[in-house]
Every structure is written in structure tokens, then in C-alpha cells.
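Grab your viewer and have a go at a few short exercises. Each one comes with a worked solution, so try it yourself before reading on.

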Amino acid sequence: MAHPARRARRQAQSAGLLVALACAGCASQGDPPGGPPDTTPPRIVSVRPDSGAVVPELKGDLVIQFDEVIDEMPGSSGGGAAAIAGLAKLVALSPVVGEVKVSWHRSAIHLRPAEGWKRGRVYRVEVYPGIADLRRNTLKQGRTVEFSTGPALPHATLTGTALAWVEQRPLAQGLILAALRPDTAAYVTYADSAGNFRLPGVPPGDYMVYAVADQNSNRRLDRREAYDSVAVHVDSAATTVLWTFVHDTAGPRLRSAELADSLALRLEFSAPLDPAARLDTSAVHVFLLPDTTPVPVLGVSTAAAYDSAHARERALQDSLKRAADTTHRGLAPDTTRRAPPPTVGRPGARGPGGPSGPAAADTSLARQLLKRRPVPTNRLVVRVGAPLKPGSKYLARVRGATNLNGARADGQAVLAVPVPKPVAKDTTRAPRDTTRVRKDTT
């Protein structure tokens, strides 16, 4: 019979060997020593149901199968008020009402609408770039799958451009929702970096289309998010333009009045004003306080137009002053100075406009569309017919200011004209020597 101590040592050695083998097995999951690293991103090998399929009695999950294990990317399962994260952010199933269940199954992603599959509906699944394998190789190109639970697959296409109207730029990566009336379930897609979007393979009919600046990434329109909506009839093809801005049921409030110059004051509102409902001298009034003496109002303009006009006026005055200086001194204009070289691009030069030339004009569709509408602003300049007195207070009153979605409001603000500070005397100059003057005169 073996000694108990020796038996205990043999058992300990056997346990250590098993642990070492297990660790070696774990280590073998990585790349083989000395071999080239795996840089190939995961590849979609199948989708069930596949694109073009008609499955009237669809049950269970939609399955996106990859050729290797993908990263789980834990996060929201999709839908609801919370931001969509994890794998749910990289796939979109539409049209559905409510939450979409998104789950990870090692080398596959499963999707299922919480409301169940609706018969007689054309579904669309978009898989976006960004899905990664365990070595962080990411999918570079997405895929779109369309299938039906009843009707034959349609071939209508809805396209358009989404713009951030106030910011004067394309709504890059803007959320696009297109609901076929009278249904409220919307097809989901995103605008590209130029604000353009495309929804192919949708049923023909009347749609309500939304473009949303989806700030909280929950694929819904929430309060205070900029958006625009338009009714579109889709036959075989249709296109539209959406001008997003923050909607407010309250009209624009007059926030402040400031001095622009001795004959003008600036007004600032809480929201951009409708360029089509311009305020004029019949809607803007100025009074001298405290006895509310009316001050004549000569005109109302946007701050940008006012600043541009003043810049041109200052340039003209500077030019006239320089010409007068030259004439007063009896100097002829300097014609020896060379004119600056033109800034147009040279033939064959690299880059737009050449290395020293200006950047090429933006000719994208979004920029062309933005030029067709006035730029909304929340700042106006009111020109008055009498100088604004330093140390006095004025009341500016506005009637019928209208925001971009048509809500109107009245408002007023007080302007206190500051008193200019006296010019400080120059105490650095040496005092005048009057002794020599008195001696000379004696």
C-alpha cells in the first residue's frame, strides 16, 4: 500500500498537469506563433429569410450568419426611449412599431420585432459597417436585405436630401423615417455625409417622410430635436428635400436690445425668424423712456445685411480718405507697386485651384439647395431717425415675430445707451519748459 504522503504528491502533480494543459488550450485561440496576423473582417455568409424571399408565415428570428465569431458589443437591445447601442446600433429592421429584439449568437445576429412579424408587409434590414470579430477587424461595407410576408416585392424608390437649415449644412447621418399612410410603422435609413438618402424597394403609395437630427440615437423623433416632414407620393420613383430645424409651439421671444451704433440697435430673439414673414417698420417701434416718446424707425434688416452694408461703407470711406491724403500732400499715386498675382489655379497644378489658389467651390447638391432659400436668423438691426442719446433708455417693441414653424409672439426689451468714457490724458509726455520762452521774451 502506497504511503499517504507519496499518494498526495502524485495527486497534486496530476492536478497541475491538467491545469497546464487547460491553459495551453486557452492560449491556442490566438494567432499561431510566427504566423501572419488575421486582418480579414467578418463576412456575411447568409441571411434567413434571404433578400427577395416571400414568407407569408414567418416565425422565429431573422438570422444574419457570419463566417466567424463576432464581438458581442453589449448594449441596448434596440428600440424604446433609450439610446440604441451595441449590435442593435449596427442593424436596423423596419418597418416595425416598438422594440426590435437584437441578440448575439457567437457567429450570428438574431432579430425579431417585439410586435411579431406582420403578414402582408415588406420588411427591410440594413446591416451597417462596424461589426467586428474577436481580433477587432471590422466590417467595412454594409448590406441591405428586403423580403416580404405576403405581397410580391415592389420596385419603387424614394430618394432625397436632408439639410440643417439654420446651420446651413447637410444633415450628415440624419435619421430618415418614411411611413406608408395610413400605417405609422416607418422604413428606417440614414442620410450619408452629403445629406443624401435612398430607400429602394418600397411599396408605392403616399408617404409621410421625416428627417431627424437624432441626438440621442434612439431612432425616434423626440422633443427639441431638429426635424422636418413632408408628404410624398411614390409611384415608381420620387425625390424630396427636407429642411430640418427645431420646432417650437411658442413664438420667438425678444431676448435683448443692444446698441449697434448711434443710429441703430440690435434685437436678439430666442429662435430664428421665418425669412418669409419679415418684420418691417409697421411691426417694430422704439420709444424714449421714461415718457415713451416715439422715435422714428427708418428700417429693419437682418444683422448680416446690416454688417455687410457697413463693411462696404467703411471700405469706401477708407478709400476716399486715402485719396484725399494723397491729394493734400501733393503726391502722385504710387504706380510702381506690382499688383498681386491672380489666385486662379495654374493649368496642371495639383489640387483644386492650384497650390496657391482658393479651394474649389462646393458644388454639391446640398450647397446648391441651400442657396435657394434665405438663411434664417434670430438677430435684427433697427435703424432709427434720431441719434440714440448716451445715458438714456429706450424701449423696443415688436409685434408678430414668427418662428420657422409659424408660431407668432409679441415682445419688448429695454436698451440702456452707455455713456462714453472720457479720454484719459497722456501723462507720459514731459512738461513743457516755459523758462526758455520767458528768457527769450525778456
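The exercises below go through two sheets and then a loop contact, all in a predicted model.

**Exercise 1.** Work out which strands stand at the edges of the sheet S3-S6-S7.

*Solution.*
- Step 1: Start with the order. The sheet is open, it has three strands in the order S3-S6-S7, and the pairing is antiparallel.
- Step 2: Count partners. Strand S3 (91–94) and strand S7 (143–148) each have a single partner strand, so one side of each is left without a neighbour in the sheet, and these two are the edges.
- Step 3: Add the twist, which averages 10 degrees from one strand to the next.

**Exercise 2.** Find how many bridges pair S6 with S7, and name the partner of tyrosine 123 in S7.

*Solution.*
- Step 1: S6 covers residues 122–127, and its antiparallel pairing with S7 runs over six bridges.
- Step 2: Look across from tyrosine 123 into S7, and you land on phenylalanine 147 as its bridge partner.

**Exercise 3.** Do the edge hunt again for the sheet S11-S10-S13-S14, then look at how S10 and S13 are joined.

*Solution.*
- Step 1: This one is an open sheet of four strands, again paired antiparallel.
- Step 2: Strand S11 (186–190) and strand S14 (227–234) have a single partner strand each, so they are the edges, with one side of each lacking a neighbour in the sheet.
- Step 3: Ignoring direction, neighbouring strands here are turned by 20 degrees against each other on average.
- Step 4: S10 (residues 175–180) and S13 (residues 205–212) run antiparallel and are joined by six bridges. Leucine 175 sits opposite valine 212 in S13.

**Exercise 4.** Decide whether valine 54 is buried, partly exposed or exposed, and list what it touches beyond four places in sequence.

*Solution.*
- Step 1: Locate valine 54 in the loop between strand S1 (44–48) and strand S2 (62–66).
- Step 2: Its relative accessibility is 43%, so valine 54 counts as partly exposed.
- Step 3: Check a long-range pair. Valine 54 and phenylalanine 147 are 93 residues apart in sequence, yet their C-alpha atoms are 5.9 Å apart.
- Step 4: Setting aside residues up to four places away, valine 54 touches Ser148, Gly150 and Pro151.

**Exercise 5.** Take serine 148: is it buried or exposed, and which residues is it in contact with?

*Solution.*
- Step 1: Serine 148 belongs to strand S7.
- Step 2: With 0% relative accessibility, serine 148 falls under the 20% cut-off, so it counts as buried.
- Step 3: Skipping neighbours within four places in sequence, serine 148 is in contact with Ala53, Val54, Val55, Arg121, Val122 and Leu153.

Key:
Residues are numbered from 1 along each chain as its sequence is written. This is a predicted model: local features need pLDDT of at least 70, side-chain atom pairs count only at pLDDT 80 or more; totals for chains, interfaces and linings use all residues. Side-chain values use heavy atoms; hydrogens and water are left out. Two strands pair if DSSP finds at least two bridges between them. Axes are lines fitted to C-alpha atoms, for helices over the stretch in contact, and angles run from 0 to 180 degrees between N-to-C directions. Buried means under 20% relative accessible area, exposed over 50%, partly exposed in between (1.4 Å probe, protein chains only). Contact means heavy atoms within 4.5 Å.
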